[in-house]
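The following paragraphs lead the reader through a single chain, from its overall arrangement to the packing of its interior. It may help to keep the structure in view while reading.

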Amino acid sequence: MIVKFHANSVVTEHPESECFFVGFADDPGETVNYLLLQRAFEDEEQDITLGHNTYHVELSDQSHSSYGGLSKFLLHRNQLELSFASDRLNQLDGIVGAHITFQLSDQQFELLHERLKLVFTGSNCFARVAT
């Protein structure tokens with residue numbers, strides 16, 4: 001199953017400035033579907049030991065979350081596509097990926113792109129698709 005929704009809210013900053021953070025939500029008031037991506041500003045020794053020195057992804061439920069685990073994250077001008085790595089699929093109740101649409105100004109989109117690059121530092125799943 002691919003989770004599909006339109007994000008009426010796109011956030012590029014953690015509310016308490018605790019980490020690099022990007023969030024997409026269908027309805028900020030009554031959220032059903034969402035995608036949260038975050039990464040620590042700096043990797044701590046414990047994070048490295050536990051394998052948490054990468055991005056964290058959560059899709060619409062805390063039980064659908066993981067450190068790393070994406071095989072593909074493609075950013076288009078008004079949408080994104082993501083696919084989970086095959087070794088994570090047994091944790092996701094049949095979810096294999098997501099397709100999320102959004103509407104942002106050019107400036108907001110460039111900020112989104114910059115924040116995603118920070119979240120995905122050191123990962124090879126992220127790409128911006130030229131349009």
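Read from the N terminus, the chain follows the pattern β-β-β-β-α-β-β-β-β-β-α-β. Its secondary structure thus comes to 2 helices and 10 strands. The model is a predicted one, and the description below should be read accordingly. Of the 131 residues in the chain, 39% are buried. Among contacts between residues at least 6 apart in sequence, 46% join residues at least 24 apart.

The account may begin with the sheet pairing. An open sheet of 5 strands is arranged in the order β2-β3-β4-β5-β6, and its pairing is antiparallel. Strands β2 (residues 9–11) and β6 (residues 65–67) stand at the edges; each has a single partner strand, so one side of each is left without a neighbour in the sheet. From one strand to the next, the twist averages 5 degrees. Within this sheet, β3 and β4 run antiparallel and are joined by 6 bridges. Val22 has Leu37 in β4 as its bridge partner. Helix α2 lies across β2, β3 and β4, and runs at about 120 degrees to β3.

Other pairings involve strand β9 (residues 97–102). Strand β1 (residues 2–7) pairs with β9 in the parallel sense over 6 bridges. Along this pairing, Val3 has Ala98 as its bridge partner in β9, while His6 has Thr101. Strand β9 also pairs with β8, here in the antiparallel sense and over 5 bridges. In that pairing, Glu81 stands opposite His99 of β9. Strand β9 is therefore met by both kinds of arrangement that are possible in general, since strands of a sheet pair through backbone hydrogen bonds, either parallel or antiparallel.Strand β1 also shows how its two faces differ. In a regular strand the side chains alternate between the two faces of the sheet. In β1, the covered face carries Val3, Phe5 and Ala7, whereas the uncovered face carries Ile2, Lys4 and His6.

Which residues have the most contacts inside the largest nonpolar core? This core has 30 residues, and those with the most contacts inside it are Phe24, Leu35, Phe73 and Phe120. At least two residues of the core come from each of β1, β3 (20–25), β4 (34–39), β5 (56–59), β7 (70–75), β8 (79–84), β9 and α2 (106–119). Helix α2 gives the most, with 4 residues. The surroundings of Phe120 can be listed in detail: leaving aside its neighbours within four places in sequence, Phe120 is in contact with Leu37, Tyr55, Leu70, Phe73, Cys125 and Phe126.

Aromatic rings form the next topic. A search of the whole structure finds 5 aromatic pairs. One of them joins Phe24 and Phe102, whose ring centres are 5.8 Å apart and whose planes stand at 40 degrees, so the pair is tilted. This pair links distant parts of the chain, with Phe24 in strand β3 and Phe102 in strand β9, 78 residues apart. Phe24 is buried, with a relative accessible area of 1%, and Phe102 is buried as well, at 0%.

Another pair is formed by Phe73 and Phe126, with ring centres 5.9 Å apart and planes at 45 degrees, so that this pair too is tilted. Phe73 lies in strand β7 and Phe126 in strand β10 (residues 126–128), so the pair ties together parts that are 53 residues apart in sequence. Phe73 is buried at 0% relative accessible area. Phe126 has a relative accessibility of 18% and also counts as buried, because the cut-off for a buried residue is under 20%. Ring pairs link Tyr55, Phe73, Phe120 and Phe126 into a cluster. Phe73 and Phe120 are thus members of this cluster and are also among the residues with the most contacts inside the largest core.

Finally, the cysteines may be considered. How many disulfides does a search of the whole structure find? The search finds 0 disulfides. Cys19 is buried, with a relative accessible area of 12%. Cys125, which is in contact with Phe120, has 4% relative accessibility and counts as buried.

Terms used:
Residues are numbered from 1 along each chain as its sequence is written. This is a predicted model: local features need pLDDT of at least 70, side-chain atom pairs count only at pLDDT 80 or more; totals for chains, interfaces and linings use all residues. Side-chain values use heavy atoms; hydrogens and water are left out. Buried means under 20% relative accessible area, exposed over 50%, partly exposed in between (1.4 Å probe, protein chains only). Two strands pair if DSSP finds at least two bridges between them. A nonpolar core is a set of buried Ala, Val, Leu, Ile, Met, Phe, Trp, Tyr and Cys residues joined through side-chain atoms within 4.5 Å. Contact means heavy atoms within 4.5 Å. Axes are lines fitted to C-alpha atoms, for helices over the stretch in contact, and angles run from 0 to 180 degrees between N-to-C directions. A disulfide is a pair of cysteine sulfur atoms within 2.5 Å. Rings of Phe, Tyr and Trp (its six-membered ring) pair if their centres lie within 6.5 Å; planes under 30 degrees apart count as stacked, over 60 as edge-to-face and the rest as tilted.
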